[in-house]
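Me: I would like a careful look at one part of a model, set against the background of the whole chain. Please take the structure shown here as the starting point.

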Amino acid sequence: MNREIIILILLSAGLVMLMIVLLVVVAIYRNLHHRTGTSEIGEIGSSDKAFNLLSPTERKFYNLFEKGLSTSEIADAMHVEISTVYTMKHRIKKKIQDDNSLLNQ
């Protein structure tokens, strides 16, 4: 009887460890996928007309958005307040959307 309990405990511990490993793998995958994915601003290439409409500072912010950095990470990298990051995101989105609407006419 004791042998069966020990085997059951070891199997349970093994399952718990497997679940922890799977959760870590999923977290790492999501983090990598998020950082390499496209941002919510919109995808444009550096040679696109929309990218050329951006100021040099907006281009720096755009590149950080595309890398998938969080708002606070961008604020730290650019040495600005978080509200400035939101303002830049809004300006960039507006310029890109305005350019796309011109192209779709």
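About how much area does the protein expose, and what share of it do carbon and sulfur atoms supply? With that as background, please look closely at helix 3: which of its residues are buried?

Reply: The model is a predicted one, and everything below should be read with that in mind. The protein exposes about 8000 Å², of which carbon and sulfur atoms supply 62%. Of its 105 residues, 21% are buried. The secondary structure consists of five helices and zero strands, so that the order of elements from the N terminus reads α-α-α-α-α. Among the contacts with a separation of 6 or more, 55% are between residues 24 or more positions apart.

Helix 3 covers residues 56-66, and its buried residues are Glu58, Phe61, Tyr62, Leu64, Phe65 and Glu66. Two of these, Phe61 and Phe65, are both buried and deserve a separate comment, since the structure holds one aromatic pair. That pair is formed by Phe61 and Phe65, whose ring centres are 6.5 Å apart and whose planes meet at 40°, so the arrangement counts as tilted. A ring pair is accepted when the centres lie within 6.5 Å, and it is called tilted because its planes are neither under 30 degrees apart nor over 60. The two residues are four positions apart in helix 3, which means that about one helical turn separates them.

The other buried residue to follow is Glu58, with a relative accessible area of 5%. In general, side chains of opposite charge can pair when their charged atoms come close. A search of the whole structure finds one salt bridge, and Glu58 forms it with Lys95, the closest N and O atoms being 2.7 Å apart. Because Lys95 belongs to helix 5 (residues 82-103) and Glu58 to helix 3, the pair ties together parts that are 37 residues apart in sequence. The burial of the partners is not alike: Glu58 is buried at 5%, whereas Lys95, at 29% relative accessibility, counts as partly exposed.

Past the end of helix 3, the backbone can be followed towards helix 5. Just after helix 3, Gly68 takes a positive phi of about 85°. Next comes helix 4 (residues 71-78), in which Thr71, Ile74 and Ala75 are buried. They span an arc of only 100° around the axis, and therefore lie on the same side of helix 4. Just after helix 4, His79 also takes a positive phi, of about 60°, and this residue sits in the loop between helix 4 and helix 5. Most residues other than glycine have a negative phi. His79 is a residue other than glycine with a positive value, so its backbone angle merits a check by eye, as does its setting: at 73% relative accessibility, His79 counts as exposed.

For contrast with the buried residues of helix 3, one can turn to the surface of helix 1 (residues 2-36), where Leu15 lies. Leu15, Leu18, Met19 and Leu22 make a nonpolar surface patch of about 400 Å². With a relative accessibility of 55%, Leu15 counts as exposed, whereas Phe61 and Phe65 are both buried.

Technical notes
Residues are numbered from 1 along each chain as its sequence is written. This is a predicted model: local features need pLDDT of at least 70, side-chain atom pairs count only at pLDDT 80 or more; totals for chains, interfaces and linings use all residues. Side-chain values use heavy atoms; hydrogens and water are left out. Patches are made of residues with over 30% relative accessible area and no salt bridge: like charges are joined within 9 Å, nonpolar side chains (Val, Leu, Ile, Met, Phe, Trp, Tyr) within 5 Å. Accessible areas come from the Shrake-Rupley method with a 1.4 Å probe; for residues, only the protein chains shown count as cover. A salt bridge is a side-chain nitrogen of Lys or Arg within 4 Å of a carboxyl oxygen of Asp or Glu. Buried means under 20% relative accessible area, exposed over 50%, partly exposed in between (1.4 Å probe, protein chains only). Contact means heavy atoms within 4.5 Å. Rings of Phe, Tyr and Trp (its six-membered ring) pair if their centres lie within 6.5 Å; planes under 30 degrees apart count as stacked, over 60 as edge-to-face and the rest as tilted. The arc is that of the directions from the helix axis to the C-beta atoms.
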